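Trainee: Please take one part of this model and go through it closely. I would like to hear about the place where the two chains meet.

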Amino acid sequence: MDAINKTALRAAVLIHEQLSGGTRHALPIYLPDYSWNNIQRLRRQIDRARQRGWHGAAKRLTEDLASAMDDCRRELENAARTLQSCRPEQHASSASDIYRDILALYDEFDEVNIDLDEHTLSVTTDRIVLEYVRLGAFEIRLDWRHLNASPAYRVVALDPNPAARSEDTTHPHVHNQQFCEGEGRTAIQAALAECRLHDFYVLVSQLLHTYGRGSAYVELDNWDGIPCTECGDSIDEDSQYYCDRCGSTLCGSCSISCQGCDNGFCSGCVSPCCHCGQEFCSSCLEDCSECHKRFCTDCLEAGLCQSCHEKQCNKEKEDDPPQNETSKRPAGRSRRSRQRRPAAVPA
Amino acid sequence: MKILLINNDGAGFADYVEVAEGITVEKLFADQIPHGKPQDYLIRVNRQPVPANQALQEGDRVSLTPTKIEGAIA
């Protein structure tokens, strides 16, 4: 226990020294220099335009001046807000405050780890389960040298169960160990600014235990992969196919290639050619103009399927006129004409 | 009497506020977050969980942290 107290005390002193260092009070203040110079330039141009009687130009420049003043005012308001948000002098944590915060972390979390060499203070959450998806425990690791940096901390999955489509997403709101704070951003920043470490870790932990549906890197519904629309198997990001017609998600086994255009489709968006039986999309099938069944272009001739084409040919043969048949007989008298020749009359 | 109040449901800054002597945690919560339910918050006094009827003392540090805070996509 004493060892732990000494480490916590040493860490508290180091953190307080970090807070008291020069960088802690070097607030970046951005004044609207560019906007102000722009305002002055526009004002000079307006004066010149009025002197020369260019009233149209003066009117247009006046509108630009109004817009530039709006920009300048917004930038000044932002600078003022930045100054007001940094009030360390009023509620700056003392070394004893920080020490008490660290001790309180041992009651709040399963595990607390102080690494004086790496300048990190870490806590371990319990195992997190969100909507029946087990995400495991997380370590919230703060590097106290970067209290003013963004990000100042990382969220490390200790028993990762990452999203199927992205192994860097270990939590709906954690990607590459970076936590998107969402609703908690302002409060977390305030806690870090005032070095209220207990508040900081509690806030991050509560965020980890909350799921913001609709604003996640990967929604929990798709955590284990997106199901194939046909067979229901989970598909990871690299193995997804899409039906080119209806957009449904497919696995490699269920995606069907159209034999005409080679695009991939689901089973509902392809049909077999009524002659060859191969699968085609609707764009690569045409109706036979006679029977109105669907065929691929290879199985149609002059808009007719083979069967209808043969029927048409046969019909054309039947419709041929008779002379066409006589001319086909071999040359010479017919047997009948020979038979009809009268017998020779004796003298 | 004066206490340090940290309302993490919002801007999250620490402010000294003047409260009535002997005010309970429950009453303070109702005054500060009138539309909230105590069960939806982690309430800590001097970094420790306390019963709702605990009376506050001068200089106490009270933090109110919602249990449901949603993250987002960066």
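Mentor: What follows covers the contact between the chains, then some local features of chain A and its confidence.

The model is predicted, so local features need pLDDT (the predictor's confidence in each residue, from 0 to 100) of at least 70 and side-chain atom pairs count only at pLDDT 80 or more, while totals for chains, interfaces and linings use all residues. Residues are numbered from 1 along each chain as its sequence is written, with chains lettered from A and ligands numbered from 1 in the order in which they are written.

Chain A puts 29 residues into the contact and chain B 19 residues; two residues are in contact if their C-beta atoms, placed from the backbone, lie within 7 Å. On the chain A side, at least two residues each come from helix H6 (95-108), strand S9 (178-179), helix H7 (185-193) and helix H8 (197-208). Helices (H or I, at least four residues) and strands (E, at least two) are DSSP runs, numbered from the N terminus. H8(A) gives the largest share, six residues. By class, this side of chain A has eleven nonpolar, eleven polar and seven charged residues. Nonpolar means Ala, Val, Leu, Ile, Met, Phe, Trp, Tyr, Cys and Pro; charged means Asp, Glu, Lys and Arg; the others, Gly among them, are polar.

Elsewhere in chain A, strands S1 (residues 111-115) and S2 (residues 120-124) run antiparallel, joined by five bridges; strands pair if DSSP finds at least two bridges between them. A:Val112 is opposite A:Val123 in S2(A). Four residues lie between the strands of this hairpin, where A:His119 has a positive phi near 60°.

Chain A has an average pLDDT of 84, and 84% of the residues score at least 70. Over residues 22-26 of chain A, pLDDT is below 50. Where pLDDT is low, the predicted coordinates should not be read in detail.
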